[in-house]
Amino acid sequence: MSSPKEPKVFRYKNVEVPRQNGEVGRLRVLKGADQGLIFVLKESSVTFGRGEDADVMISDLKASRAHARLDYTHDGWVMNDLGSANGIFFQGEYIRKFAISSGEHFTIGDTIFEFLTSTESTRVLTAPLRPGQEVANQDQALINQRIKVKGLSQSAQIAPPAGGAPKKNNARTLLLVVILAGAYFYLNQPAPQAPVTQAQKSKAKKETDRSLASYLPPGVTKEVAKTAEEYYRQGFREYREGNYLRAKARFELTLQVNPNHELARHYLASSEKAIDDEIKSMIAAARKESVAGRLREAKGYYEPAMRLMYYDRSNPDFVECEDALKKINEELDRTL
């Protein structure tokens, strides 16, 4: 019997994640409930969504359980919507399927992803995240530009006089439209800028940090509190049903929105303890079954314990389960 298949995607909280063995690309969350997370792709076809079956599982409530899929094809990397409720936004445009290149970004729900291929240098892969608001503003600017262009093309249409217009006048009108459109795009081109020095970058960063700090409210607004309370209630429902892993994710999301939510903090600690107790109980039962020679029963305890520690692979308990399961599978293969 073969060992468990390695996950397609690994999730990290540390931005400066070095290139991993077998890495084909990575996704960096610039904005949203999972802001700051890094998803390292180990295979060329991965799914996105809120459901636990998704390879890239996100906490965004606007995401469908099975939302989208990213594939590497002969035409390069292609993103496909899987019939989600809210679709995908790419470069500020609502779209169902599109090709994406390294360094470009897309939005699922309220979550903005930046995509990087493994061909990028380590310096680029581990570079600080771009401000999410900056990316959102860039997309909005693209939307505004399309609206302006559409408005220009509509306003340039001249109704012909009654009885029809001569062909010569039509040609002049067409020429005028072309000239106006060319002038518009020429005048709206950004002016060339001088290269930014390191000193200017440091100064801009300090000014940005100061401006961001000035917007931080002394307390929590009603809108933020309402959103956090909704996340908390979802987590509490999962907690009451004994789904501690899902409850933990909801409580963490609550505290990201409102760090002052004491009930979420309390139940997050309770969920983590319940998960830890469940893991230790499964491992103890697995050891007992293994000593008794009941290898299949032991395997039935080790595997769910590993699933509970999926995002904490450095945990000594995870390492123990992984090593024990490998030996059990080898022993079962010899007995077949």
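**Exercise 1. Work out the strand order of the open sheet and find its edges.**

Solution. Start with the strands in this predicted model. Seven of them form an open sheet, running β1-β3-β2-β12-β11-β8-β9 with antiparallel pairing. Now look at the two ends of that order: β1 (9-12) and β9 (93-95) each have a single partner strand, so one side of each has no neighbour in the sheet. From one strand to the next, the twist averages 30°.

**Exercise 2. Zoom in on β11 and β12: how many bridges join them, and which residue is the bridge partner of Phe106?**

Solution. Take β11 (residues 105-108) and β12 (residues 111-117): they pair in the antiparallel sense over four bridges. Then pick out Phe106, whose bridge partner in β12 is Phe113.

**Exercise 3. Describe the surroundings of Lys248.**

Solution. First, place it: Lys248 sits in helix α6 (residues 244-257). Next, check exposure. The relative accessible area of Lys248 is 22%, and buried means under 20%, so Lys248 counts as partly exposed. Now the neighbours: leaving out residues up to four places away in sequence, Lys248 touches Leu268, Ser271, Glu272 and Ile275. Leu268 is 20 residues away in sequence, yet the C-alpha atoms of Lys248 and Leu268 are 5.5 Å apart. Finally, the side chains of Lys248 and Glu252 make a polar contact (2.8 Å).

**Exercise 4. Where is confidence lowest, and where is it highest?**

Solution. Begin with the whole protein: mean pLDDT is 79, and 74% of residues reach 70 or more. By element, helix α4 (residues 198-215) is lowest at a mean of 51, while strand β4 (residues 45-49) is highest at 95. Last, residues 208-218 have pLDDT below 50 and zero contacts beyond near neighbours in sequence.

Technical notes
Residues are numbered from 1 along each chain as its sequence is written. This is a predicted model: local features need pLDDT of at least 70, side-chain atom pairs count only at pLDDT 80 or more; totals for chains, interfaces and linings use all residues. Side-chain values use heavy atoms; hydrogens and water are left out. pLDDT is the predictor's confidence in each residue, from 0 to 100. Contact means heavy atoms within 4.5 Å. Two strands pair if DSSP finds at least two bridges between them. Axes are lines fitted to C-alpha atoms, for helices over the stretch in contact, and angles run from 0 to 180 degrees between N-to-C directions. Buried means under 20% relative accessible area, exposed over 50%, partly exposed in between (1.4 Å probe, protein chains only). A polar contact is a pair of N or O atoms within 3.5 Å; within protein, one must be able to donate a hydrogen and the other to accept it, and residues adjacent in sequence count only if both atoms are side-chain atoms.
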